[in-house]
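Open the model in your viewer and show it as a cartoon, with side chains hidden for now. The stops below each give a selection and then what is found there.

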Amino acid sequence: MYIKNLSIQEFESFVEKSLLGSHYQTFEYAELMKENGFAYEFVGLVDEYNHVHGASLILIKKLTKCFKYGYAPKGFILDYFNQDLLKEFTEKMIDYYKRKLIFIKINPEIAVAQIDNKTNKKTYNQNIEIKNNLIDLGYVKLKDNLYFESQVPRYNGIVNLKKFSLNNVSKNTRNKIKRGMEKGLTIEIADYSGIDILYNFVKKKRNKDSLYYKKYYKAFQHSNNVDLFLVSIDTNSFLVNSKNAYEKELEHNEEIASSLVINHSEKNLNIKMHSDRRLLSYKNDVLDAQNKASKDKTIYVAGALVIKYQNRINIVISGYDTKYKRFSPNYFLHYKILEYYKKYYDFADLNGMTGDFTKDNPYNGLNAFKLGFKPKVYEFIGEYDLVIENFVYKYLLKRGKLAKTFNKTDIKTFSK
C-alpha cells in the first residue's frame, strides 16, 4: 500500500464511515484553516485496488523560515487497534513527508477514560492500550495537560440528546434555566450578521477577532452545518412575569406579616425577611422591565456558534453579557440548544472541560456549569508528535521553538 493525495470525494466518503470522523476532518474545516494561514491536503493509505484504509486532513504551516510542520486535527482516521495497519500507515506517512515536514501533530478523538461526575474517579477502558502502540511506533507523547494548553481540550462533556430533558439536569441548573424563562429570555437562530453580536459575548474568552468567527460561520454555511444562536430579552414577557411574581410575593408577604402578629417567632421573622428581599427584587425587576419595554429595542444577552456533523453537534463557542448574569442567560442558552437538537441528533459535545475537578481549579466555574447538564465526561488520549526529521525536531525542541509555538495562552478563565 502507499500514500496518495485523495480527492475531496474520496476523503469524505472514507471519513463519513469512521467513528473517528469529526468536523475537524472535513473540507469545510480545511478551508477555514486556509483562511487562517494554513495550506492543506487530504492524504490516504490505499491498496492496489485504490481502496482507502486510512486517511487524514493534513494542515501545513511554516514553523520557521526554513521548516514546516503538519497538523492532523483530531488525529489520523484509521483503526488504531489494527497494529499492522497503524504501523504501515505511520511508516508510509514518514516516507511521504520526508524532507517536506519536520513532524505531524495529532490528537486523536479516542476516549481512554470516563470520569464519574460525583467522585471524579477515572475508569480506564481498553483504548488505553493505544498509547503504548503509538509510543512503540515512535510517536512523541506530549504533556498530559489538565487545562487548555494543548491544541484541543483533552476532557470533554458529551450529552446524550436522546435522554436529555429538563428533569435530567442538576437542581441548581434546572433552577437557573427556569429563572431565565421567568426573566423573559427567548432564543433565535440568527444569520451571518449576528456574528458581531456573538463576538461581544466571547471576545474576552479567546484571543480571536470577530473575523475568525465570521470565517468559521462561512466555512460551514454552504453545507448548512452551522447554526448561530442568540438569546435576547422579551421585554413584554419580562414585564408580565415580573408583575405576576411581585403580586404573588406581595400576597405571601402579607400572610407572613399576619402570622407574625400571632406568633412572633424567630422562624417566622426569618421567613418575613426572606420574603421582603424577594419582594424588593421583584419590584426592581418590574421597574427594569418597564424601562426596557419603553425603549423598544432588542436586548441580546447571550449567543453560541454550533457546528453539526453526522449524529452530533459541537458547541464551538458560547458567551453571555455579564451585566445580565442574574438572568442566567448561559444556562438558558445551552438548555434551549440541547432541546432544539435532540430531535435530530444523538449527541452534543459541550466542547472542553479541565481535568482538574477541585474547587481550587481556576476553571472551576466552567466545569461546574457543564457538569450541571449531566454529561458523560471523557478523557481523551492526548497529543502526540509523529517525528519525521528527528535531528531538526530535537534542535527546535531544545531551542524552545516548539514550546513557544504550541503552548496555548489564548483561553481565559471562565466563570458560570
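Helices and strands here are DSSP runs, numbered from the N terminus, with at least four residues for a helix and at least two for a strand. The model is a predicted one.

**The open sheet**

Start with the sheet of seven strands, which is open and has the order E1-E2-E3-E4-E5-E16-E8, with mixed pairing. Its edges are E1 (2-5) and E8 (139-141), each of which pairs on one side only. On average, neighbouring strands in this sheet are turned by 30° against each other, ignoring direction.

Now select residues 68-72 and 103-106. These are E4 and E5, which run parallel and are joined by three bridges. Show glycine 70: the residue opposite it is isoleucine 104 in E5.

**Across the sheet**

Add residues 83-96, which form helix H3. This helix lies across E1, E2 (39-46), E3 (52-62), E5, E8 and E16 (384-387), and it runs at about 135° to E2.

**Two loop residues with positive phi**

Select lysine 74, in the loop between E4 and H3. Its phi is positive, about 65°, although the residue is not a glycine. Is lysine 74 buried or exposed? Its relative accessible area is 9%, so lysine 74 counts as buried, the cut-off being under 20%.

Next go to arginine 99, in the loop between H3 and E5. Arginine 99 also is not a glycine and has a positive phi, near 65°. Its relative accessibility is 75%, so arginine 99 counts as exposed, for which the cut-off is over 50%.

**The cores**

Turn on side chains for Ile58, Phe76, Met93, Ile104 and Tyr216. In the largest nonpolar core, which has 79 residues, these five touch the most other members. Separate from that core is another one of 36 residues, including Ile177, Ile315, Phe369 and Phe373.

Keep isoleucine 104 selected and display its surroundings. Setting aside neighbours within four places in sequence, isoleucine 104 has contacts that include Ile58, Gly70, Phe76, Met93 and Tyr97. Tyr384, Asp385, Leu386 and Ile388 are also among its contacts.

**Strand E6 and its partners**

Move to residues 111-115, strand E6. Four of the five residues in E6 are buried, so the strand is mostly covered. Which strand is joined to E6 by four bridges? That strand is E15 (residues 376-380), and the two run antiparallel. Within this pair, isoleucine 115 stands opposite valine 377.

E6 also pairs with E7 (residues 122-124), in the antiparallel sense and over three bridges. Here glutamine 114 faces threonine 123 as its opposite residue in E7. The two strands make a hairpin with six residues between them, and asparagine 120 in the turn has a positive phi of about 65°.

**Helix H9**

Finish with residues 266-295, helix H9. From first C-alpha to last, its 30 residues reach 44 Å, close to the 44 Å expected at 1.5 Å a residue. Colour its buried residues: Asn268, Lys272, Ser275, Leu279, Asp285, Val286, Asp288, Ala289 and Lys292. An α-helix has 3.6 residues a turn, so residues three or four places apart point the same way. To see part of what covers the buried residues of H9, add strand E11 (226-233) and helix H8 (235-262). The last selection is aspartate 296, which follows H9 and has a positive phi near 50°.

Methods: Residues are numbered from 1 along each chain as its sequence is written. This is a predicted model: local features need pLDDT of at least 70, side-chain atom pairs count only at pLDDT 80 or more; totals for chains, interfaces and linings use all residues. Side-chain values use heavy atoms; hydrogens and water are left out. Two strands pair if DSSP finds at least two bridges between them. Axes are lines fitted to C-alpha atoms, for helices over the stretch in contact, and angles run from 0 to 180 degrees between N-to-C directions. Contact means heavy atoms within 4.5 Å. Buried means under 20% relative accessible area, exposed over 50%, partly exposed in between (1.4 Å probe, protein chains only). A nonpolar core is a set of buried Ala, Val, Leu, Ile, Met, Phe, Trp, Tyr and Cys residues joined through side-chain atoms within 4.5 Å. The expected span of a helix is 1.5 Å times one less than its number of residues.
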